[in-house]
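Open the model in your viewer and keep the selection box at hand. This tour goes from the whole chain to its core and then to two single residues.

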Amino acid sequence: MFTLKNQFPVHTFFVVLCTLVIPGGAQTLQAFPPAEKVDFAEKYKQLLQDSRSGSVKELAFEAIETSQAAIKAGDYSSALKIAALAVKAGKSAGNNHAFTLANSLKQRCGMLVREYRNVERFHKTLQQNPNDAKSAFLYGQFLALKLNDWKQGLVWLARGEDTEFRTLAKQELANSNKQGALLEVANGWYQLAEKEKGLTKRELELHAYDLYSRAWNQSFGEDRTTLNEKLSEMPLRYLNHMQEQDVISGGWPFGKNGDPGSGGRFTVNQIEFPNGLGLVPPSRGFARVCYQLDGQYNTFVTGVALKDAKTQFNSTVTFTVLGDNRVLWKSIPIRLDKDVVFCKVSVKNITRLEIRTETPGINRGAHAVWLDPHVLK
């Protein structure tokens, strides 16, 4: 099982190289692929052979996971080939979820292949001289901004040649468990993003968002007001990091942070969605939740589905997006789990967003979930 967050910005594992001492304690400095190697060229051949027999849908999801494993191992070329195979399998199976994930993964793998070519020589330099400040900065940027492995990227950035990146990286490593200090670090990354352009700017903003959002669920009063202002400045915002309004729940309570409403984390096709929402409708009725957008955003994006479950569902669920009481988007009636429909709709000038689930029958098994719904500026 893997989370949506880890489907594309996958972490790379490294063996211990040496120890970097910074304020707040010792940090393990890691850089290289694990000693135990997997032959992903052989894995690709096996998957290719499996594609000639068996379920292409199952093959698609297996190829997606294998491609991610190749990314973790640092074999980006094999990851790209396997992701391309996953795209073909998803398309052949007619599975919208597998095809969409595989296509996004393929694009990401292609980007990693190109970007790693630019830093490979610096990575090799670090194997000989882990104190090379230029190599540490450039390789740290690759890990943090391209691979989205901030845990390892911060360690290298903390000894890199760039003063601003180095200072913020050291501060974040030293204060990883201190909420107040992390908020200050988030401010620093966001201010640094304002000086950058393109993908670097976006990735720094998203990292600042990640740090802000960690505190959201534990915040209240003035702290929540301050956090809300910060999160409202971000180019992206997940609905679970906004204050919900006028909730009408159904068979289960309204679920946030990947909770279907009954506790725990839900999955769709064995994939977790950490920012997902659970909105089970009542029998022959609807459930809904509203959010105040105040015209700040341009686009709403989500996936909708019934979560993985053993309970048989004998009716259908329809998902609806409304803006200022006007229907902006409505799904086809969904009956089966593992079927995913994606939504991307304009919310420009919309003040109030409402998402709604509805079933015309008995709601036993109507485990309706929204897959990491978010708004974009």
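**The whole chain**

Start with a cartoon view of the protein chain: ten helices and 15 strands. The radius of gyration is 22 Å and the globule rule gives 21 Å for 377 residues, so the chain is as compact as a globular protein of that length. Keep in mind that this is a predicted model.

Now show the C-alpha trace. Along its principal axes the trace spans about 65 × 60 × 35 Å. Turn on contacts next. Among those with a separation of 6 or more, 68% join residues 24 or more positions apart.

**The surface**

Switch to a surface view. The protein chain exposes about 17,500 Å². Carbon and sulfur atoms supply 47% of that area. Of the 377 residues, 53% count as buried.

Colour by charge. There are 47 positive and 38 negative charges in the chain. How far apart are the mean positions of the positive and negative charges? They lie 4 Å apart.

**The largest nonpolar core**

Hide the surface and go inside. Nonpolar side chains tend to be buried together in soluble globular proteins. Select I71, Y76, Y139, F142, V268 and L371 as sticks: these have the most contacts inside the largest nonpolar core, which has 44 residues.

Next, colour the elements that give two or more residues to this core:

- α1 (40–50) and α2 (56–72)
- α3 (76–93) and α4 (96–128)
- α5 (133–146) and β15 (368–376)

Which element gives the most to this core? Select α4, with twelve residues.

**Two residues with positive phi**

Leave the core and look at backbone angles. Most residues other than glycine have a negative phi. Two stops here go the other way.

Select D246. Find this residue in strand β5, residues 245–248. Its phi is near 45 degrees, a positive value in a residue other than glycine. Is D246 buried, partly exposed or exposed? D246 is partly exposed, because its relative accessible area of 42% falls between the 20% limit for buried and the 50% limit for exposed.

Move on to N269. Look in the loop between β6 (267–268) and β7 (271–272). N269 is not a glycine, yet its phi is positive, about 55 degrees. Is N269 buried or exposed? N269 counts as buried, because its relative accessibility is 9% and the cut-off is under 20%.

To finish, show both residues together: D246 is partly exposed, whereas N269 is buried.

Methods
Residues are numbered from 1 along each chain as its sequence is written. This is a predicted model: local features need pLDDT of at least 70, side-chain atom pairs count only at pLDDT 80 or more; totals for chains, interfaces and linings use all residues. Side-chain values use heavy atoms; hydrogens and water are left out. Helices (H or I, at least four residues) and strands (E, at least two) are DSSP runs, numbered from the N terminus. The radius of gyration is taken over C-alpha atoms; the globule rule is 2.2 Å times the number of residues to the power 0.38. Buried means under 20% relative accessible area, exposed over 50%, partly exposed in between (1.4 Å probe, protein chains only). Contact means heavy atoms within 4.5 Å. Accessible areas come from the Shrake-Rupley method with a 1.4 Å probe; for residues, only the protein chains shown count as cover. Lys and Arg count as positive and Asp and Glu as negative; His and the chain ends are not counted. The place of a charge is taken as NZ of Lys, CZ of Arg, CG of Asp or CD of Glu. A nonpolar core is a set of buried Ala, Val, Leu, Ile, Met, Phe, Trp, Tyr and Cys residues joined through side-chain atoms within 4.5 Å.
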